[in-house]
Amino acid sequence: MSEVGFIFDLDGVIVDTAKYHYLAWKNLANELGFEFTKEQNELFKGVSRKRSLELLLEMGNVKATKEQFDAWMAEKNQDYLAYIEKMDASEILPDVPKVLEFLKSNVIPISLGSASKNAKPILEKVDLLSYFDTIVDGNSVSKAKPDPEVFLIAAEKLRVLPENCIVFEDAVAGVKAANAANMISIGIGDKEVLREANFVFEDFTEISLDFLKKLAKI
C-alpha cells in the first residue's frame, strides 16, 4: 500500500463546470416558468442531479410525475453535455496541472472523487485523464456527498488508508464527506464557506510545493 493518496473533486476544483450546471438548471427553470439565481445554484454544489432537480422543483413550487421528473433530469443533462462538448484545456483552473504533475512525478496515487456522471469525458476533453490512477464518479456510488462513500471507495481503489488520504473540495457537502471519511480536507474557495475544512486556499496558486511535500510525506 502507498503511504498517502490524493483525491480531487472535479467541478470547481479542477475545472469550472459549475457555470454550465447553472446555465442548464436556469434554462430548465425558465422553461418551467420561474427564475433561478446564482445564489440558489450554490445549494446545488456537490449535490446529485436527482437531488438538485428535487430542490429546483421545490423552489418553483412545481409538482412532477415520475415520468416528468425523469424527462426533466435527462433534458438538463443533455443541455449540460452540449455545453461541456466545447470544453478544452483552457478551462482548467489555475495551477491544477502543476499540482498534478508534482504528485505524478513523485509517484503519489491520485484519484478523482466526484458526484459528476460525466467526469471521465470532461477529463478527456481537458487532457488530464492520464494523471488519474482511478476515477470514482456518480456512476460508481449510491450515496451522494456529504456521505463519505465516494471518498472511501477512492481510498480503497488507491490502496491507501482513509486517514492517509488528502481531499481537495470546493463544496461544503464535499468537505463534510472528507471529514466523515477521516481524511485531510482541503477547501478550494471561500474561507468562510469552507471553514470546516482542515485547510482552505482560494485556489491552487496559493498552494506551495513545500506544503504538498509535507502532505505527501516526501
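Student: What makes the meeting of the side chains of Lys45 and Glu42 a salt bridge?

Tutor: Good place to start! Keep in mind that this is a predicted model. A side-chain nitrogen of Lys must come within 4 Å of a carboxyl oxygen of Glu. For Lys45 and Glu42 the N to O distance is 3.5 Å, which is within that 4 Å limit, so the pair is called a salt bridge.

Student: Why is Lys45 called partly exposed?

Tutor: The label covers values between the buried limit, under 20%, and the exposed limit, over 50%. Lys45 has a relative accessible area of 27%, so it falls in between. Its partner Glu42, with 45%, is partly exposed too.

Student: How do you know that Glu58 counts as exposed?

Tutor: Here the value passes the upper limit. Glu58 reaches 53% relative accessibility, and exposed means over 50%, so the word fits. Glu58 also has a salt bridge to Arg51, with 3.6 Å from N to O. Arg51, at 35%, counts as partly exposed.

Student: What makes Lys98 and Asp95 a salt bridge?

Tutor: The closest N and O atoms of Lys98 and Asp95 are 3.4 Å apart. That is within 4 Å, so the rule is met. Lys98 is partly exposed at 32%, and Asp95 is partly exposed at 30%.

Student: Which residues are joined into one network by salt bridges that share partners?

Tutor: They are Lys50, Arg51, Glu54 and Glu58. You have already met Arg51 and Glu58 as a pair.

Student: How many salt bridges does the rule give?

Tutor: The count comes to 13 salt bridges.

Student: What makes a negative surface patch out of Asp190, Glu192, Glu202 and Glu206?

Tutor: Asp and Glu count as negative, so the sign of the patch is settled. A patch residue also needs over 30% relative accessible area and no salt bridge, and like charges are joined within 9 Å. Take Glu206, one of the four residues in this patch. Its relative accessible area is 38%, which is over 30%, so Glu206 passes the area test. You can find Glu206 in the loop between strand 6 (199–201) and helix 9 (209–216).

Student: How do you know that both faces of strand 1 are covered?

Tutor: Think about the pattern first. In a regular strand, side chains point alternately to the two faces of the sheet. In strand 1 (residues 5–8), Gly5 and Ile7 lie on one side and Phe6 and Phe8 on the other, and all of them are buried. Buried means under 20% relative accessible area, so this label tells you that each of them stays below that limit.

Student: Why are strand 1 and strand 4 said to pair?

Tutor: Pairing calls for at least two bridges. Strand 1 and strand 4 (residues 165–169) have four, in the parallel sense, so the condition is met. One example is Gly5, whose bridge partner in strand 4 is Cys165. Strand 1 is also joined to strand 2 (residues 110–113), again parallel, by three bridges. There, Ile7 stands opposite Ser111.

Student: Why does Asp127 count as exposed?

Tutor: Asp127 has 63% relative accessibility, and over 50% is what exposed requires, so the name is right. Asp127 belongs to the loop between helix 6 (119–125) and strand 3 (134–136). Its C-alpha atom is 7.8 Å from that of Asp88, although the two are 39 residues apart along the chain.

Student: What separates Ala89 and Val126 in sequence and in space?

Tutor: They are 37 residues apart in sequence, and their C-alpha atoms are 4.1 Å apart in space. Ala89 sits in the loop between helix 4 (66–84) and helix 5 (96–105). At 44%, Ala89 is partly exposed.

Student: What makes phi of Arg159 worth pointing out?

Tutor: Most residues other than glycine have a negative phi, and most peptide bonds are trans. Phi of Arg159 is positive, near 60°. Arg159 lies in the loop between helix 7 and strand 4, and its 56% relative accessible area makes it exposed. Lys217, in the segment after helix 9, also has a positive phi near 60°.

Student: And which residues does a cis peptide bond join?

Tutor: Lys145 and Pro146, with omega about 15°. Look for Pro146 in the loop between strand 3 and helix 7 (149–158).

Definitions and conventions. Residues are numbered from 1 along each chain as its sequence is written. This is a predicted model: local features need pLDDT of at least 70, side-chain atom pairs count only at pLDDT 80 or more; totals for chains, interfaces and linings use all residues. Side-chain values use heavy atoms; hydrogens and water are left out. Patches are made of residues with over 30% relative accessible area and no salt bridge: like charges are joined within 9 Å, nonpolar side chains (Val, Leu, Ile, Met, Phe, Trp, Tyr) within 5 Å. Accessible areas come from the Shrake-Rupley method with a 1.4 Å probe; for residues, only the protein chains shown count as cover. The place of a charge is taken as NZ of Lys, CZ of Arg, CG of Asp or CD of Glu. Helices (H or I, at least four residues) and strands (E, at least two) are DSSP runs, numbered from the N terminus. Buried means under 20% relative accessible area, exposed over 50%, partly exposed in between (1.4 Å probe, protein chains only).
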